[in-house]
Amino acid sequence: MKSILIIEDEKAIAELERDYLESYGYTVELEGRGDIGLKKALEEQYDLIVLDVMLPKIDGFEICRQIRQTSNIPILMVTAKKEDIDKIRGLGLGADDYITKPFSPSELVARVKAHLARYERLTADKAERDESIRIRGLVIDKPSRRVMIHEKEAMLTSKEYELLLLLASHPNRVFEKEELFERIWGVDSNGDAATVTVHIRRLREKIEHDPSNPQYIDTIWGVGYRFKV
Ligand code: CA
């Protein structure tokens, strides 16, 4: 169940918002003071914050600014003043949306729903991005350090894996052989740029359909290599 924090000092409005959101299955917590609301927003886990602008102690602008320093949680700002809208838009506070009083409860619910869904998609996409790299039939699964090429696992040594991961993490960037050697083997290791050449050759034999005509790792003559996309 999604939980929502409403920071709103007008009790009647706060309760109306709460009742409506609860009727749609959300768990709702109310807070009337800005300073306590900010503390709760920073310390507890919510899925979305409905934030009034005019509040005792600390206003909604400042609360929004402070939450954004540490969190991407969706923030829906509520205001009664037209001037506030320009401020919400213009100050770069990081609010996701705003709604002006008076508003209908169904409008509030629609906005809340939309922002919760958007945030969920964002975090799901991000998790996927962090965990694997997918480029034209090649999948590098970082948690398991496995590499799949057209759904078949390529059995790479640890250095081959690191080399591939480094190149694929910076698509199209040209790496000099010396830099690759330093980053994967370390400056103090025995070996030199030729070590890189040998490893690239083996890596290609494992991931390229035709190693003499590579689709993934390009040789940049006289310089080094790049992962092409
Ligand atoms: Ca208020």
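**Notes on a two-domain predicted model**

1. Let me start with the sheet in the later part of the chain: four strands, ordered β6-β7-β8-β9, form an open sheet with antiparallel pairing. Its edges are β6 (132–135) and β9 (152–154), each of which pairs on one side only. From one strand to the next, the twist averages 25 degrees. Please keep in mind throughout that this is a predicted model.

2. Inside that sheet, β7 (residues 138–141) and β8 (residues 146–149) run antiparallel and are joined by 4 bridges. If you want a residue pair to look for in the viewer, try Val139, whose bridge partner in β8 is Met148.

3. Two helices lie across these strands. Helix α6 (residues 158–169) lies across β6, β7 and β8, and runs at about 110 degrees to β7. Helix α8 (residues 193–207) lies across β7, β8 and β9, at about 55 degrees to β8.

4. A word on the overall layout: the chain divides into domain 1 (3–128) and domain 2 (132–227). Taken over C-alpha atoms, the centres of domain 1 and domain 2 are separated by 46 Å. The points below turn to the earlier part of the chain.

5. Strand β1 (residues 3–7) is a good place to begin there. How many of its residues are buried? The count is 5 of 5, so to speak a mostly covered strand, with buried meaning under 20% relative accessible area. In a regular strand, side chains alternate between the two faces of the sheet. For β1, both faces are covered: Ser3, Leu5 and Ile7 are buried on one side, and Ile4 and Ile6 are buried on the other.

6. β1 has two parallel pairings to inspect. With β2 (residues 27–31), β1 pairs in the parallel sense over 5 bridges, and Ile4 has Val28 as its bridge partner in β2. With β3 (residues 48–52), the parallel pairing of β1 covers 4 bridges; here the bridge partner of Ile6 is Val50. Helix α1 (residues 11–23) joins β1 and β2 in making a right-handed β-α-β unit.

7. Glu17, found in helix α1, deserves a look from anyone setting up a calculation. Is Glu17 buried or exposed? Glu17 counts as buried, because its relative accessibility is 2%. Leaving aside residues up to four places away in sequence, Glu17 touches Ile6, Glu8, Val50, Val78, Phe103 and Leu108. Ile6 and Val50 in that list are also the bridge partners across β1 and β3. The C-alpha atoms of Glu17 and Leu30 are 9.5 Å from each other, with their positions 13 residues apart along the chain.

8. Finally, the calcium ion. Which residues coordinate it? The donors are Asp9 (OD), Asp52 (OD) and Met54 (O), at 2.0 to 2.3 Å. Along the chain, these donors follow the spacing D-x42-D-x1-M. Asp9 sits in the loop between β1 and α1, and Met54 in the loop between β3 and α3 (60–68), so the pair ties together parts that are 45 residues apart in sequence.

9. The two loop donors can also be described by accessibility. Asp9 counts as partly exposed, because its relative accessibility is 34%. Met54 is exposed, with a relative accessible area of 53%.

Terms used: Residues are numbered from 1 along each chain as its sequence is written. This is a predicted model: local features need pLDDT of at least 70, side-chain atom pairs count only at pLDDT 80 or more; totals for chains, interfaces and linings use all residues. Side-chain values use heavy atoms; hydrogens and water are left out. Buried means under 20% relative accessible area, exposed over 50%, partly exposed in between (1.4 Å probe, protein chains only). Two strands pair if DSSP finds at least two bridges between them. A crossover is right-handed if, with the strands pointing away from the viewer, the path from the first strand over the helix to the second runs clockwise. Donors are N, O and S atoms within 2.8 Å of the metal (3.2 Å for Na, K and Ca); water is not among the atoms, so sites may look incomplete. Contact means heavy atoms within 4.5 Å. Domain bounds come from an automatic or database domain assignment. Axes are lines fitted to C-alpha atoms, for helices over the stretch in contact, and angles run from 0 to 180 degrees between N-to-C directions.
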